[in-house]
Structures are given as C-alpha cells and as structure tokens.
Amino acid sequence: MKKLYYGPLVLLLLLALLGGCSAPGNADPVPEARAGTIDLRGWSFGDDGSAKLNGEWAFYDGKLIGPDELPREGAGGYAKVPAFWSNHGYVKAGHGHGTYRLLVKLDERLQGRLMAVYMPFGIESAYRLWINGKEKAAAGKVGTSRAGMEAKYLPQTVVFPAADEVELVIQVSNYVQRTGGIWDELRLGYEEEVTEFRTMRVAQELFVAGGIVIMGMYHLGLYFIRRKDLTPLYFGGFCLLFGLRSLFLGEVVIHHVFPDMGFELYKKIEYIGQYFGPALFLLYVRKLFPEETHIGMVRFGTAVYGVLGVVVVAASASVFTPTLVLTHILLLVLAPYVVSVFIRAAIRRREGALFCCVLFVIMALTIFNDLLYYNSLIQSIDMAKFGVFAFIFAQAFLLSRKFSKAFYAVEELSNKQARWSQELEQTVDARTNELQKTLGDLKDAQRQLVESEKMAALGALVAGIAHEINTPVGVSVTAASHLGSKTDELAAALQSNKLKKSDLDHYVKLAGESSHIISYNLKRASELINGFKLVAADRSHESKRSFNVKSYLREVLVSLGPKLNKTKLEVILEGPDDAELFGYPGAFSQILTNLLMNSMIHAYEPGEEGVIRVAVRKDESTLILTYADDGRGMAPEVRDKIFDPFFTTNRGGGGTGLGMHIIYNLVTQTLGGRIECESEPGRGAVFTINLPLEEDEHDVSDR
C-alpha cells in the first residue's frame, strides 16, 4: 500500500483506541443478576471500574408500581436486561408499560460513599427511577396509554449514597414506537468513575459528530464553488445527515442544545438521516465509479429510501419506526453490492478503489454490529459512528487528493496558458500589423474603385451627351448645307438673268425655315452643353456653393435624357421652386444618377413601363429628398445589405456593388445627412434622404 494512505490507517488505530475507552475491559467476570438480585459484594469498583447491571430483573408487566407498593404485589415475572420486551414475550409490538426492580448487594464497607447509576439512551421511551424508595430521576412521562405518556431520551448519571443493599425500581412505558423496554446496559460504580465514563462518551460523540459535520460542510462548500461536479454535493450531504443524526443517538447531545424538542420531531430528524443518508451515499458511489456502478441498482436503492423518507415526514413515529426493518433488509442487499463495486474498481485500478473497499467493509461491519446491538441480539457498544467516521475521513482524504490533483493540473494549465498567451499576443501583434497594412491597401483599393465608378459614371454621361448633341448639331449642319445649296442656285439664276419672282419667294421661305431649324437645334445643343458643363464641373471639382435644388435636379435629368429615352420610364420631379441648398451639387448629381441607374438595372425589366417620383421638400432645418419607384422591390435580406460595399444582385451583368455604397457615403459623409430605404417585394422601393440646411457663408458674412 502506498505511503500516501498511512495517515488514514493511523487514524483508524486512534479511533479503535477511542472506541475501547468507552468499554473498559474487566479482568474478572462481571456478576449477573439472578431472580431480581445481583451480588456485587466481591466486586472491586476501584480496580475493576463500574459494574454492568445485566441479568434477570423482577418485572411487573402492565403495571406501574411504586417502591412502596412492591411488597404487596408479591413476586412478578422476570425480564432480561438489556433486552426489548418483545424478546421475552411480555409485550407484543413493543407497546405497553411495566415496572422493573433490582436488588443490588454491596460491600458494607462502601456505606456512605457516593455511588452513581448510569441511565443509558436505550430505555424506551419514558421512565421513572427510584433508588432505595426515593425518586431520583425521570425521562419524559410514563403512562398507561399513548395520550397519558410523553416520550423522551435522556441519558444521565444518578448519584446516591451507598448502602449494603440498594433497591432500583424503574417504571417504563412505550406507546410511541416499535420497540419498548430497557435494551441498553445500566452501570453502577463510584460517582467519579461513572461521571467520567459518561463524559468520555459525550466527548467521543462530539468529536465524531463534529468531525463528520465539518467535513460535510467543507464538501458542500466545494460544491457551491464549483457546481459542475456533483460528487462533493452527495458526499457532503451524506456527511451532514449522518453527523447530525449521531447527535440524536448515544448520549443524545442534541438535548443539551434543544432540551424542549418534542419526541416526534426528534424521531423524524433521526430517521431522515437514517433514510436519506444511504441514498446520497449510493449517488456518491455512482459518481465516484460510474463505470462500475449499475444505474438500475442505484435507482432502486434511492427510490426505496426516498419513499421511506416521505413516510417519515408524513406519518407519526408509531407508524414509521417499524419501517426500520425494511432498511436493515435493504442494507443487507446493498452493502455487498457496494463492496462488489469497489472490488471491480480496484481490479480496474481506479484510484483509491482498494482503499475504499477495505474501509467500506470495516464500516459495514460496524454498522452490522450496531444492527445486532440495537436489536438486543449481541452485547456490544455503538461502533457505527467510528466506522463511518473513519470511512468519511478516508473519502474526504481521497476527494481532497482529487481536488489537489485538479488544482495542480489547473496550475499547470495556467502556466501553459500564460506562455500561450504571451506567444499568442506576439502572434496577434504581428497579424494585426499585417491586417492593418492589408486594411489600408483595401481602403486605398476601395477609394480607387469608388473614383473609378464615379469616372465611369461621368464617362457614361459624356457619351450620352455626345450622342444627344450630335442630333441637333447634325440637323443644323444639314439645314445650313441645304440653305447654302439653294443660295448658290439663287445666285446662279440672278447672274443669268433667269431669276423669277416665284424663285425668290421660294428661297425666302426656305431661308426662314432653315434659319428657324438651325436656331432651334443650336439652342438645344447649347442647353445640353451648359447642363453637361454644370454637372461635370460639380462632379469633378466638388465645390460647395448655393444652388436651387429642383432646377439642378432638372438639369441632371436633362443630362440623363439619352439613357432615359431608351426606356419606357417616366420620371416626375416634384417640389417647390425656391428650395435652395448650400452644399455640394455634384454629390446631388451623383446621388440621383446612381439611384436612376439602380432602378433601370434592378427595378424594371428591359422595356417595362414604370414611374419614378423625385420629390423635394424642406422644413426649418432639413431638406428631404424622396426617391420612389414602382418596380419589383427588394427582399428583406437584400434591403438590409443595399448600402454594403460590393454587394450586388447583378454581378454576372457587370454590377460592381459600389453604386449604392457611393450614395450612402455621399449622403452621410459629404452632405452630413442620413438615408433610409423602405422596400418590399412587388411594391417598389422608397429612398428617403434627410440633409441639414446650411446657410451660404457669403450671406452670413454680409449680415
């Protein structure tokens, strides 16, 4: 066995010594009572310690008799002490009442010395004690029925002066639980020795109970710190229940804290620990060795103990105390099974399994000893608390070792994590620098793409204007050429003196028509050129100036005439004629151009008719431009990404995904406003642009 387990083994030896202190060994055989009398005249209380008052006591079944009435009653039967009433057939089912009497013969040299009788825990369930005709002690209230008695456990030391004959009379009654009678050993000895005996027992029980409770609270604390692992919860609950239950047995230490505790509550708490404790222990074993434990057996055991616990909570002591026999039977089934679990775990070399197996066998033997002892089948002492304490201490030791390993592993991981964090930080810094450089390149590329998109739009505008100007200029050239030809014909006729009045009239008419055609078409070309110059200059120079919004938008629409003329779309411009804005007109041109191009490409099929409304309105501080088409509309996932860069639904058709992104940047950054899009499939799209109104700097300086 590893040196690591020597500490718990030393504790086991210490507990064995403590247990031995509670039952002093006697070199000579202890006298026993015969026919209601015990002769202790040859017993040396100084050398041999206190004497056990075991044997045949006179017993008056069904009678509560005082010492003054005993001679008149005559001799009754005899009952063995310690023993339950049911063991010798006096009272069936443990319910009833009766009177015990024992005559103790002492050495006459002891007369006048203070002696003491130790009244143990095991007197069920109320008693009165007389010594030499004087009432000396009582526990509860004896009675001849359930209503007439009050049960109570009260171990105590009763002091009296010695005489050559000492008469002990004890009235006992029990109508509250399954067992009755005096089933534990009474002791008689010197007052100081008996007092020391009981003090030692109290100290032992406080030591064991306190240690178990502290270990239970410690492991419950571990669970509440780290709730992922249920092992300390089950183990801590088992320790706490067993530790508290031990305060209700033996010397009943709990009565020193709660002297007025009722018997029913006392019994419920004791039995709750008796039933729920093993259930938690089964769950603990399951968590400790899950692969070796069959879940069906655990569920069976916890279910039975759970049902019995509910009976304890709901019923009275006279109902639930008989169920203790069922737990004894269940223990005989589950204890070997748990041993088999530990053996299988030990064979598979699970950590601590062999040690657990040995200690559990020891604990099981001590519990089996107590089952026999409390059922008055053997003469022994209460040993279960020591066996359970040793097992619990060993389990706490193993759990602490497990947590220690876990903490060590966490410490190792923390050190590794610190190294990894340092390396990761360096890697992140390097990657961040690379990403920042890449991001800068991407931003440059994006700016270049945006500028390219603007130039492409401007190029398209130039191409459209060139095509549009070509028509009026061509018509003007044709008219001028035709007029020149007719002028040459007129001059030739004049020189040859063949000019007629009708020819002159025809020429004048033709000249008027040609001049009108030339004038009209050149004016049209001039308008196109002026509009192009205005728009192109605004887009290229981005100069900030005051302009009439509606008039400027109209000029933009004129410049886009070549594109719009190829479609069946009608563009309606609405708004007040006096809407002035101090800003960047080129941005307006780009915004309207991109919106119209977006509608022509995405909102309508080629040749499809439609109406696009561009509305301008303003309030005190805001100019609102609304652009609405009645095209196919957009799905929500498209609408939500409409302003994202490089997002397009027509990439196969040459779309770059920058048109709407340029609009967003122009509105939010260049013009300092905001833009919103509303659209549903089949219901067109509406773009609302809100721009802050600014005053012309020259107007402000003139004031």
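Two strands count as paired if DSSP finds at least two bridges between them. The model shown in every view is predicted.

**View 1. A four-stranded open sheet with antiparallel pairing.**
The strand order is β2-β13-β6-β10. β2 (51-52) and β10 (156-161) stand at the edges. Each has a single partner strand, so one side of each is left without a neighbour in the sheet. Strand β6, residues 114-119, runs antiparallel to β10, and six bridges join the two. Within this pair, Ala-116 has Val-159 of β10 as its bridge partner. Strands of a sheet pair through backbone hydrogen bonds.

**View 2. Helix α4 across the four-stranded sheet.**
Helix α4 spans residues 191-225. It lies across β6, β10 and β13 (187-190). Its direction makes an angle of about 30 degrees with β6.

**View 3. The largest nonpolar core, with 68 residues.**
Tyr-266, Phe-281, Phe-342, Phe-360 and Ile-392 touch the most other members. Several helices each supply at least two residues of this core, among them α4, α5 (231-246), α7 (263-288), α8 (295-314) and α11 (353-374). Helix α10 (324-347) belongs to this group too. α10 gives the most to the core, with 10 residues. A second, separate core has 44 residues, including Ala-587, Leu-596, Ala-603 and Leu-691.

**View 4. The surroundings of Phe-342.**
Neighbours within four places in sequence are left aside here. Phe-342 is then in contact with Val-285, Phe-289, Ala-353, Cys-356, Cys-357, Phe-360 and Phe-391. Phe-342 and Phe-360 are both among the core residues that touch the most other members.

**View 5. Segments carrying the UniProt annotation "transmembrane region".**
The annotation comes from an unreviewed UniProt entry. The stretches it covers include 206-225, 269-285, 325-347 and 380-399. Residues 269-285 are 100% helix and 0% strand. The end C-alpha atoms of that stretch are 24 Å apart. Residues 325-347 are likewise 100% helix and 0% strand. Here the end C-alpha atoms are 34 Å apart.

**View 6. A five-stranded open sheet with mixed pairing.**
The order is β15-β17-β18-β20-β19. β15 (568-574) and β19 (674-679) are the edge strands, and each pairs on one side only. From one strand to the next, the twist averages 10 degrees. Six bridges link β19 and β20 (685-692) in the antiparallel sense. Arg-674 stands opposite Asn-690 in β20.

**View 7. Two helices across the five-stranded sheet.**
Helix α16, residues 585-603, lies across β15, β17 (609-618), β18 (622-629) and β20. It runs at about 20 degrees to β18. Helix α18, residues 659-670, lies across β19 and β20. The angle between α18 and β19 is about 140 degrees.

**View 8. Lys-618 in strand β17.**
Lys-618 has a relative accessible area of 39%, so this residue is partly exposed. Residues up to four places away in sequence are not counted among its contacts. Lys-618 touches Asp-578, Ala-579, Glu-580, Leu-623 and Leu-693. Leu-691 lies 73 residues from Lys-618 along the chain, yet their C-alpha atoms are separated by 9.3 Å.

**View 9. Two buried cysteines, Cys-239 and Cys-677.**
Cys-239 has a relative accessible area of 0%. For Cys-677 the value is 16%; the residue counts as buried because the cut-off is under 20%. A search of the whole structure finds zero disulfides.

How values were computed
Residues are numbered from 1 along each chain as its sequence is written. This is a predicted model: local features need pLDDT of at least 70, side-chain atom pairs count only at pLDDT 80 or more; totals for chains, interfaces and linings use all residues. Side-chain values use heavy atoms; hydrogens and water are left out. Contact means heavy atoms within 4.5 Å. Axes are lines fitted to C-alpha atoms, for helices over the stretch in contact, and angles run from 0 to 180 degrees between N-to-C directions. A nonpolar core is a set of buried Ala, Val, Leu, Ile, Met, Phe, Trp, Tyr and Cys residues joined through side-chain atoms within 4.5 Å. Buried means under 20% relative accessible area, exposed over 50%, partly exposed in between (1.4 Å probe, protein chains only). A disulfide is a pair of cysteine sulfur atoms within 2.5 Å. UniProt positions are given in the numbering used here, feature names are shortened, and annotations may be inferred rather than shown by experiment.
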